[in-house]
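Thank you all for coming; I would like to walk you through one structure, beginning with a single chain and then turning to how two chains meet. Please keep the picture in view while I talk.

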Amino acid sequence: MTWLNSHPLTFLVFAPALLGLLLMALPQSVAKLTRLLGLLAALAVFVLSLAWLLGRPPEAGTFLTEHAPWFTLVGLPVDYALAVDGLNLWLVILTTFLVPLTMLGTWNSLKDRMGTFAALFLLLETGMLGALVAQDLFLFYLFWEAMLIPMYFMIGVWGGDERRYAANKFFLYTLSGSLLWLVALLYLAGKAGSFAPAVMAQAATALPFAVQCWLFIAFAVAFAIKVPLFPLHTWLPDAHVQAPTAGSVILAGVLLKLGGYGFIRFAIPMFPQAAMHYAKPLALLSVIAIIYGALVAMVQRDIKKLVAYSSVSHMGFVMLGLASMTVIGTQGAILQMLNHGISTGALFLLVGMLYDRAHTRMIADFGGVAVKMPIFTTFFLIVTLSSIGLPLTNGFVGEFWILNGTFLSGFGWGRAYAIIATLGVVLGAVYMLWMVKRVFWGPENKDEDSGTQHLHTDLNAREIAVMLPIVVLILWMGIHPKTFVAASEAPVTALLKDVGAPAIRPLTLPDAPAGPAAEATPEGPAPASHEVHP
Amino acid sequence: MSITPSQWAALLPLLLPALGACLIPLMALDRDQAGAKWIRGAMYLTALLAVAAGFWYLTDLWMTGAQPSFEQLHMDRLAQFAGIFVLVAAAMTILQSWDHFHQEGWVKGETLSLLLFSVTGMMLFTATSNFLVLFLGLELFSLPLYALVATVRNRAEGSEGGMKYFLTGAVASSCFLMGGVLLYGMGGSLDLTVAASAIRAQGLGSDPMVLAGAALLLLGFLFKVSAVPFHQWTPDAYESSPHPIAGFMSVATKGVAFIALLRIFPVSLAAMGAAGIRMQAALAFLAVLTLVVGNLSALVQTNVKRMLAYSSISHAGYLMLGFVAGTPAAYTGVLFYLVIYLAMNMGAFGLLTAFGLVGDRTTFEDLRGLGWKRPAMGFCAAVFMLSLAGIPPMGGFYGKYMIFKELVGTGHVGLAILGVLASLVSVYYYLHVLVALFLQAPSAEAERLASDRPAVHAPLAGATVLVAAVIVLAGGFVQAFLVDGFAHRAIVEGLGLLR
């Protein structure tokens with residue numbers, strides 16, 4: 001027990017992988033037992049993470065930390081440094097929460113080799129948690145890459161018809177960014193003589209500005225592929241659509257978050273000047289991603305593909321919030337990452353539940369589902385409303401803060417971009433509600449082969465048990481978001497002070513009747529500022 | 001001439017496998033050798049004993065830290081490292097070939113004898129900087145290998161591959177000899193280090209004779225590591241030779257050529273003034289060429305063995321990049337890379353035996369669905385392929401990491417970027433193996449054929465695969481221990497660098 005007391009993070013990170021490897025060794029004949037053990041393990045990790053991370057007060061902003069020298073190769077020391085602080089606390093909990101929830105939500109979706117799937121899922125959890133808590137860039141890189149392996153097999157073995165193509169594309173695409181990033185990492189680590197982010201940031205300031213810019217680009221591209229930011233998003237629709245439900249949920253729920261997290265944790269603090277320099281292009285790409293993702297989502301015929309493109313749009317908001325370089329925008333981005341993890345994860349789960357019953361995901365195959373599955377429709381509607389950012393749900397708060405931060409930011413482009421991005425919110429409502437209308441409302445689809453005719457049962461107790469916590473979270477985050485952003489406020493403020501972002505420009509309304517700019521953000525900045533700066 | 005105990009100590013590691021090689025043919029004299037199981041068992045046991053004795057003796061030598069020498073034969077740390085490397089590869093080969101040759105139905109003692117002679121030559125090759133001894137070693141390990149490629153005489157492709165390998169190899173050997181002769185003529189010493197310093201002292205670096213000599217000598221090494229454009233023999237030879245022999249060639253030939261180059265290149269070929277600078281430039285250029293050609297050719301292969309052959313060509317490219325960086329840390333990286341490469345490639349070729357894929361049945365089609373049928377082997381295959389691709393947390397990542405780090409550190413950022421792009425390409429064809437093993441179900445035709453064949457029984461090959469997987473994983477998790485304990489000491493205490 002003494003070892004556990006001093007190494008809680010090591011246990012949290014590696015326990016899933018060790019159990020996963022054990023489960024992998026179990027024979028196929030006991031796959032059902034393996035699946036159950038996997039769920040229990042994931043639940044135990046979730047409970048422990050809650051108890052250890054929220055159960056004790058943070059010390060100097062850090063909830064848990066471990067630090068030990070690991071090895072020295074080619075003159076570069078690598079530290080085994082793990083920490084949970086304000087920036088990653090809720091992402092860690094989101095991960096440990098989503099893994100058991102997804103296992104339970106897709107309990108009967110897989111027909112064969114479900115034991116191996118559960119084992120891979122646990123290995124993936126270790127990769128994600130490790131990348132989230134690693135405070136040494138080498139360690140981060142290891143987890144970042146290792147994460148691809150289980151995901152590759154999850155997509156490739158249990159995916160749809162095009163699974164091999166999607167899995168290969170996912171693997172190679174992501175790897176291409178991170179390999180170039182590795183060269184940048186080696187370059188900077190060689191200059192700094194260490195992989196500690198603080199030391200490397202120090203060394204970076206001594207380099208010429210052009211070199212800093214190249215290094216920032218290398219970091220940014222690796223993270224932007226994961227986010228994914230337009231135009232590096234092309235792997236995402238394939239991976240999402242082909243992945244089994246559980247894979248999609250985790251891909252949307254956690255893996256994409258690591259890209260945004262990488263920006264907040266490493267790219268922006270390590271190269272503040274370069275980040276400021278590239279804030280405008282980043283914001284521009286984000287705005288394009290928001291509008292483009294929404295427009296492409298609108299024309300999709302497959303519900304899952306629609307949700308996948310909505311991810312591009314939603315993650316565009318995250319990147320816009322980060323590029324605004326304001327406290328409120330960054331806080332909004334952090335919250336939006338959690339929102340997206342919950343809402344889009346839930347959407348993928350719901351689509352999976354529908355697919356398990358109807359064996360189709362085509363919008364045209366449905367119609368009048370509300371009559372057949374009232375409970376399912378209720379949940380789907382709540383999640384949809386959260387996804388389009390209805391006030392009182394989580395989506396509203398995140399998007400609002402991001403737009404607010406962008407609008408108020410000291411950058412010249414802030415207001416124009418905020419206005420355009422607001423259009424994305426409208427488009428979001430359009431594609432989601434239109435899809436809901438065609439699938440759930442309207443007359444029942446009487447066609448013999450249609451999906452609606454295959455819906456015989458509404459959600460069972462297990463599926464309701466999976467959806468209830470999500471609904472609770474959606475409302476909680478919408479009504480009292482402070483729970484989820486209080487911890488990150490201090491680190492974000494400190495980070496942006498280092499970056500030296502321009503001060504925010506408060507909007508003073510002229511006495512004349514409100515102009516078009518004021519109409520574009522009818523809510524006004526005041527209430528949200530109170531939320532973030534209590 | 002009487003030989004002192006210390007000199008015996010230097011000779012013994014070579015004598016043990018050579019003794020085994022001489023004993024085995026005596027047993028194989030029995031005309032019934034293929035029929036009598038106890039004769040076959042005794043031959044394999046003898047071979048294993050010879051290898052094990054050499055291994056035991058060398059590890060003992062390593063532990064005591066002694067570096068004995070006999071005339072031009074220097075059993076220093078680097079040579080001991082090379083010896084252990086070759087003996088481990090040989091042991092794995094012998095174990096795998098027991099299974100493979102039984103599957104092929106061609107169990108002959110001469111195979112083992114040739115293998116052990118080759119092992120002796122390899123140890124000689126890495127333990128000297130004297131040109132004549134070097135050439136002796138080169139021929140002693142090459143000639144048996146030519147024969148080994150064609151050892152299964154009832155396969156026509158075997159003779160074809162062996163003949164190709166022999167003809168090109170003979171040309172390369174004569175180039176090597178010519179290069180050495182020219183350097184001896186210009187430098188006035190058979191010891192290449194002494195000759196290089198004489199050439200440097202006399203300012204003969206830009207003399208065409210020196211240039212030609214150094215280039216020809218380098219060509220000899222590059223042929224053995226199968227660097228482009230001296231690589232054409234590789235896919236044919238690997239494809240036609242028995243799987244364990246292909247594995248042994250890919251690992252040991254490349255390994256000892258690089259280790260010998262490690263001894264020769266920094267102090268001799270790269271240290272001849274103007275000629276040395278050109279040799280370094282040539283090596284960098286050929287490394288790039290090797291990476292590009294090796295990786296791109298591997299992409300389009302349909303046969304796993306040919307893919308592995310091109311993959312081994314591309315790995316030569318990464319290792320050559322280590323020489324381009326040219327720092328002691330990079331050389332350490334090269335040695336570490338070789339250790340992991342030994343495990344990865346012996347494991348990958350061993351898998352073919354463990355899966356029971358005999359003869360031409362080594363296309364990706366033949367691998368389909370096998371990963372699920374043999375989960376333990378499938379797991380090992382994933383480890384090997386991901387490690388070959390350089391994905392953490394496998395050992396292969398750390399080999400590339402050390403080499404790329406030194407490349408970036410010495411200002412070769414462009415080469416490092418090219419290197420990582422090459423390894424990105426390589427990921428695709430390594431994933432192809434995993435796609436076949438796990439993501440594709442076997443075709444109905446293959447299922448029907450498989451049910452007609454007897455069940456595959458290859459426990460020894462399976463065991464070597466497991467051991468290799470453990471080494472690869474160890475390279476990923478206790479890498480610093482392996483580097484500091486073995487590779488680093490071989491460089492520091494063997495080559496005298498960093499002292």
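Helices and strands here are DSSP runs, numbered from the N terminus, where a helix needs at least four residues and a strand at least two. Counted in that way, chain A of this predicted model has 24 helices and two strands.

Let us stay with chain A for a moment and ask how its overall dimensions look. Its C-alpha trace spans about 70 × 70 × 40 Å along the principal axes, and its radius of gyration is 22 Å, which agrees with the value near 24 Å that a compact globule of 534 residues would have. Of those 534 residues, 63% count as buried, and among the contacts in chain A between residues at least 6 apart in sequence, 81% join residues at least 24 apart.

Now for the partner: what do chain A and chain B bury between them? The figure is about 3,200 Å², with 84% of it on carbon and sulfur atoms. On the side of chain A, the residues that lose the most area to chain B are A:L73, A:V74 and A:L186, which together make up 19% of what that side buries. The elements giving two or more residues to this side include β1 (62–73) and α8 (163–192) of chain A, and α8(A) gives the most, with 14 residues. Sorted by type, the residues of this side divide into 26 nonpolar, six polar and four charged.

Finally, across the interface of chain A and chain B, the rule finds zero salt bridges and one residue pair in polar contact.

Definitions and conventions. Residues are numbered from 1 along each chain as its sequence is written. Chains are lettered from A and ligands numbered from 1 in the order in which they are written. This is a predicted model: local features need pLDDT of at least 70, side-chain atom pairs count only at pLDDT 80 or more; totals for chains, interfaces and linings use all residues. Side-chain values use heavy atoms; hydrogens and water are left out. Buried area is the accessible area (1.4 Å probe) that two parts lose on being put together, summed over both. A salt bridge is a side-chain nitrogen of Lys or Arg within 4 Å of a carboxyl oxygen of Asp or Glu. A polar contact is a pair of N or O atoms within 3.5 Å; within protein, one must be able to donate a hydrogen and the other to accept it, and residues adjacent in sequence count only if both atoms are side-chain atoms. Ala, Val, Leu, Ile, Met, Phe, Trp, Tyr, Cys and Pro count as nonpolar, Asp, Glu, Lys and Arg as charged, and the others, Gly among them, as polar. The radius of gyration is taken over C-alpha atoms; the globule rule is 2.2 Å times the number of residues to the power 0.38. Buried means under 20% relative accessible area, exposed over 50%, partly exposed in between (1.4 Å probe, protein chains only). Contact means heavy atoms within 4.5 Å.
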